[in-house]
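Q: I would like to learn how to read the features of a model like this one. Where should a reading begin?

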Amino acid sequence: MINLQFLSKIKNFNATIAIETRTSKDSIKHFKNSKQISRNEYVVNGNHYRRLIDRNDFTNKLKYYGFKIIHTRESTNFSRFKSDYSNEKPCLVRYILKKS
């Protein structure tokens, strides 16, 4: 997980930050080979760890730590792919941020 508290404390931090992550709306939690290990954490195929981000919670954290959201969008069309166990369209959210 991104350490927002650490990033927010860097002095003279004038960078643009891009984040892409799966959201809690992602279909991975419905896969037959997916095991839930906590509210938003899953293991797929017994060894592939995924943490799904609640978009509202994460957006509030970004604002709390003083990040300005330049752009955000959530979609299942960003990163479609086929694998042995699915024809997947992950639900991703993308952020472009600046430190305010």
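The dialogue below goes from confidence and fold to cores, a pocket and single residues.

A: Begin with the fact that this is a predicted model. Where pLDDT is low, the predicted coordinates should not be read in detail. Here the protein chain has a mean pLDDT of 85, and 90% of its residues reach 70 or more.

Q: In which strands is confidence lowest and highest?

A: Confidence is lowest in strand S6 (residues 81-82), with a mean of 71. The highest value, 95, belongs to strand S5 (residues 67-75).

Q: How many helices and strands are there in the protein chain, and what pattern does the chain follow?

A: The protein chain has two helices and eight strands. Along the sequence they give the pattern α-β-β-β-β-α-β-β-β-β. The C-alpha atoms fill a box of roughly 45 × 25 × 20 Å along the principal axes. Of the contacts between residues at least 6 apart in sequence, 60% join residues at least 24 apart.

Q: What should I look for in the interior?

A: In soluble globular proteins, nonpolar side chains tend to be buried together. In this protein chain of 100 residues, 35% are buried. The largest nonpolar core has eleven residues: Leu4, Leu7, Ile17, Ile19, Ile53, Phe58, Leu62, Phe67, Val93, Tyr95 and Leu97.

Q: Which elements give two or more residues to this core?

A: They are helix H1 (4-8), strand S1 (16-22), helix H2 and strand S8 (92-99). S8 supplies the largest share, three residues. Another core lies apart from this one and has five residues, including Phe31, Tyr42, Val44 and Leu52.

Q: How is empty space found, and what is the volume of the largest pocket?

A: Rolling a probe the size of a water molecule over the atoms shows where empty space is left. The largest pocket here has a volume of about 160 Å³. Its lining consists of twelve residues, and those nearest the centre are Asn40, Leu52, Ile53, Asp54 and Lys61. By class, the lining has four nonpolar, two polar and six charged residues. Helix H2 (residues 55-64) gives the most to this lining, with three residues.

Q: Turning to single residues, where does threonine 72 lie, and with which residues is it in contact?

A: Threonine 72 lies in strand S5. Leaving aside neighbours within four places in sequence, threonine 72 is in contact with Arg55, Val93, Arg94 and Tyr95. Threonine 72 and aspartate 26 are 46 residues apart in sequence and 17 Å apart in space, C-alpha to C-alpha.

Q: Why is threonine 72 called partly exposed?

A: Partly exposed covers the range between under 20% and over 50% relative accessible area. Threonine 72 has a relative accessible area of 30%, so it counts as partly exposed.

Q: Is histidine 30 buried or exposed?

A: Histidine 30 counts as exposed because its relative accessibility is 65%. This histidine is found in the loop between S1 and strand S2 (34-38). Histidine 30 and lysine 68 are 38 residues apart in sequence and 33 Å apart in space, C-alpha to C-alpha.

Q: What about the backbone, for instance the phi of asparagine 45?

A: Asparagine 45 is not a glycine, yet it has a positive phi of about 60°. The residue lies in the loop between strand S3 (41-44) and strand S4 (48-51). With 41% relative accessibility, asparagine 45 counts as partly exposed.

Conventions:
Residues numbered from 1 in each chain as written. Predicted model: local features only at pLDDT ≥ 70, side-chain atom pairs only at ≥ 80, totals over all residues. Heavy atoms only, no water. 1 Å grid on protein atoms, 1.4 Å probe; cavity = no way out; pocket = protein on both sides within 12 Å on 5 of 7 lines; lining within 4 Å. Points joined across faces, edges and corners; volume = space filled by probe spheres on them. Helix = DSSP H or I, 4+ residues; strand = E, 2+ residues; numbered from the N terminus. Nonpolar A, V, L, I, M, F, W, Y, C, P; charged D, E, K, R; others polar. pLDDT = per-residue confidence, 0-100. Core = buried A, V, L, I, M, F, W, Y, C linked by side-chain atoms within 4.5 Å. Buried < 20%, exposed > 50% of the residue type's maximum accessible area, 1.4 Å probe, protein only. Contact = heavy atoms within 4.5 Å.
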